[in-house]
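Trainee: Could you teach me how to read a structure like this one? I'd like to begin with what people mean by a buried residue.

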Amino acid sequence: MSARRTLLLGLGGLILAIGLTFLLDPYRNYQLALVAAYLCATAGLTVLVGLSGQLSLGHAALMAAGGYGFALTSQALTSAGVGGLPRFLAATVAAAVVAGVLGLLLGLAGARLHGPYLAGLTLTLVVAVPAVAASVGALQGDRGVQMQFEGVPGPLRALIALEQWQAWVALAVAAVAVTGLALVRDGRTGLRMRAVRDDEVAAALAGIAPARVKVLAFVVSSVTAGLGGAVLTFVTQSVSPGAYTVSLSLLLLVAVVVGGLGSLLGAALGAVLLVLLPWLVGTVTDMLPLPSQVTQRIDGTLPLLVFGLLLIVLVACAPGGLAGALTAARARRRARRRLTAPAPTTAPPSPTAPAPRESARTPTEG
Amino acid sequence: MPEREAPAGAGAMRLQVRGLTVRFGGLAALTDVDLDVAESQVVGLIGPNGAGKTTVFNAVSGLVRTAAGTITVAGRPAPRAPQGLARAGVARTLQGLGLFPGLSVRENVEVGVLGASDPAARALEALDDLGIADRAALPVGALPYPEQKKVALARALVADPRLLLLDEPAGGLGAADIAELDAVVRRVAATGCAVLLVEHHVDFVMSLCDRVVVLDFGRVIADGTPDAVRRDPAVTAAYLGIEVTAS
């Protein structure tokens with residue numbers, strides 16, 4: 001896809017999503033803002049895992065880094081008398097930088113590690129970051145950093161509710177993050193990432209520096225996770241260690257796999273599931289004739305179980321995830337249309353299955 | 001070690017290996033190997049299994065550490081890391097093809113393009129040269145094996161190398177594909193590119209190469225024209241396991 005088309009698609013998608021906010025009630029707009037925040041993280045994660053082949057169990061920590069970067073910068077700017085859009089933009093950039101630097105450090109270590117060792121390193125990070133944040137006084141411990149109230153800007157105050165405004169901001173940041181990732185995916189960098197993922201030695205022999213590509217993938221993914229953290233902080237008006245636990249990291253990864261590894265559409269579907277599944281499960285359990293104590297207990301754990309079951313079913317039935325299943329369905333529909341259409345005069349070349357031929361070898365070879 | 005002269009009639013030296021020694025722990029994989037490949041020359045590196053042929057390629061490519069010796073590419077020390085190889089004008093194919101299964105045929109070749117303004121067009125051009133441009137959009141795994149080998153070759157050629165290292169290019173190919181490969185290698189060499197190939201297919205090597213170097217147990221046991229190498233009793237002994245008696 002050309003860069004121009006990607007940019008136009010990003011802009012078109014943002015306009016459509018903003019239009020959608022007019023159809024939703026405030027709570028749904030709040031949920032949409034959460035989807036946008038998680039989308040920043042899942043989109044970055046799907047590029048990291050699906051395109052560059054590096055596993056991260058620590059994306060919640062990168063989101064936390066972004067969230068704290070956003071909140072602290074915003075507080076500092078408020079004290080300095082800066083407000084409005086400049087404050088938001090500066091705090092968002094700070095969130096991206098903090099998460100990006102953390103991602104750079106992770107990437108530098110990750111370039112020397114593979115598979116379970118890299119997963120172990122990122123898991124350590126997601127355990128350590130909330131623990132450190134809870135014990136550092138400047139980050140205000142378990143309570144976290146509370147943001148001052150960010151209302152709807154003056155001219156829009158009479159037109160839209162706070163939740164709709166928050167959804168607009170969240171969608172704009174997510175559109176920037178996802179469009180940026182789409183440009184990376186479709187460009188030379190994305191091609192290099194996929195080459196390194198498939199065969200590092202062959203990629204190196206073709207002139208690619210695998211370590212550099214892997215570090216770059218980590219930085220790009222971390223920056224977007226940091227943006228997700230910033231958006232989440234903006235929407236919830238606070239950041240605390242309890243919001244960025246190991247389970248969030250695992251859920252982000254599961255969302256990416258369920259959505260379809262390496263697919264930005266899959267990342268979006270995964271982000272929607274992350275937000276809607278607990279709500280859907282809660283709605284269903286509320287309808288069941290269960291004691292309130294039981295309902296309360298299962299409300300917290302049942303979504304995880306459903307997510308896990310969904311993962312198992314999808315891996316078994318559609319390894320490409322939801323996005324892969326959609327693509328396959330589209331391909332089947334196209335094939336059916338071709339079958340019903342008049343046959344072409346010349347048949348296109350049809351590849352045969354790879355079958356190494358017997359070589360004319362000499363007796364000297366083993 | 002006495003200074004070795006370049007082969008007679010050779011142009012500018014593209015690859016010069018002197019006293020190359022590679023050890024894997026206590027095992028000497030290569031011992032004191034000398035090798036020259038000049039521009040427009042096609043040199044075959046042959047030997048029984050385990051003789052050290054691919055280790056020579058790996059040493060030149062920076063994939064294994066050398067214990068001793070020098071490797072120069074176009075008069076300069078060979079890059080220490082494999083990613084520097086392409087910029088030094090060296091391209092290499094791998095015995096296991098080294099294709100990227102998640103990429104299309106065109107993308108597999110595009111990965112090898114260096115500095116072109118339109119890498120996709122350059123990749124298509126390279127595929128067209130080998131007669132498989134119509135396969136460009138397919139996943140590389142969907143191609144039959146001989147065409148996969150062409151994709152690997154196209155990726156090596158798309159960077160316009162001055163030194164081409166081919167690791168078993170004829171392996172797994174039938175007679176017609178080998179004849180086609182022969183023509184491609186001759187065409188590439190005619191542009192001034194030096195070609196060093198490791199190959200088990202002795203007839204292919206003997207008909208194509210200007211010089212043949214024979215390795216056995218990590219040492220060079222013969223280096224000369226195909227005819228001279230074919231007549232060399234040490235080569236026969238290495239291949240057939242016959243001891244050469246002193247005459």
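Mentor: Happy to. A residue is buried if 20 or more other C-beta atoms lie within 10 Å of its own, exposed if 12 or fewer, and partly exposed in between, with the C-beta atoms placed from the backbone. As for the other words, helices (H or I, at least four residues) and strands (E, at least two) are DSSP runs, numbered from the N terminus.

Mentor: Some housekeeping too. This is a predicted model, where local features need pLDDT of at least 70, side-chain atom pairs count only at pLDDT 80 or more, and totals for chains, interfaces and linings use all residues. Residues are numbered from 1 along each chain as its sequence is written, while chains are lettered from A and ligands numbered from 1 in the order in which they are written.

Trainee: Which way do the residues of S7(B) point, and are they buried or exposed?

Mentor: Here's the general idea: in a regular strand the side chains alternate between the two faces of the sheet. In S7(B), B:Leu163, B:Leu165 and B:Asp167 point one way, B:Leu164 and B:Leu166 point the other way, and all are buried. Strand S7 of chain B covers residues 163-167, and five of the five are buried, so the rest of the structure largely encloses it.

Trainee: Which strand pairs with S7(B) over three bridges?

Mentor: Strands of a sheet pair through backbone hydrogen bonds, either parallel or antiparallel. Here, two strands count as paired if DSSP finds at least two bridges between them. Strand S6 (residues 90-92) of chain B pairs with S7(B) in the parallel sense over three bridges, and B:Ala91 has B:Leu164 as its bridge partner in S7(B). S7(B) is also joined to strand S8 (residues 194-198) of chain B by five bridges, and these two run parallel. For example, B:Asp167 has B:Val198 as its bridge partner in S8(B). Between S7(B) and S8(B) the chain crosses through helix H5 (residues 175-190) of chain B, and this β-α-β crossover is right-handed. That word means that, with the strands pointing away from the viewer, the path from the first strand over the helix to the second runs clockwise.

Trainee: What is the strand order in the open sheet with antiparallel pairing?

Mentor: It has four strands, in the order S2-S1-S4-S5 of chain B. Strand S2 (27-38) and strand S5 (76-77) of chain B are at the edges with a single partner strand each, so one side of each has no neighbour in the sheet. S5(B) pairs with strand S4 (residues 68-73) of chain B in the antiparallel sense over two bridges, and B:Val73 has B:Arg76 as its bridge partner in S5(B).

Trainee: Let's try single residues. Is B:Val212 buried or exposed?

Mentor: Count the neighbours: B:Val212 has 26 other C-beta atoms within 10 Å and is buried. This residue lies in strand S9 (residues 211-216) of chain B. Two residues are in contact if their C-beta atoms, placed from the backbone, lie within 7 Å. Leaving aside neighbours within four places in sequence, the contacts of B:Val212 include B:Gly44, B:Ile46 and B:Val229. B:Val212 and B:Val229 are 17 residues apart in sequence, with their C-alpha atoms 6.8 Å apart in space. Now take B:Asp227, in helix H7 (residues 226-231) of chain B. B:Asp227 has 10 C-beta neighbours inside 10 Å, so this one counts as exposed.

Trainee: How do I check the length of helix H11 in chain A?

Mentor: The expected span is 1.5 Å times one less than the number of residues. Helix H11 (residues 264-287) of chain A has 24 residues and should span 34 Å, and its end C-alpha atoms are 34 Å apart, which agrees. Then look for a bend, the angle between axes fitted to the seven residues ending at a residue and the seven starting there. H11(A) bends by about 35° at A:Leu276, and a proline, A:Pro278, follows within four residues. Buried residues of H11(A) include A:Leu264, A:Gly266 and A:Val281. Among the elements that the buried residues of H11(A) pack against are helix H2 (26-51) and helix H12 (292-317) of chain A.

Trainee: And how many helices and strands does each chain have?

Mentor: Chain B has eight helices and 10 strands, and 49% of its 247 residues count as buried. Chain A has 13 helices and two strands, with buried residues making up 45% of its 366 residues.
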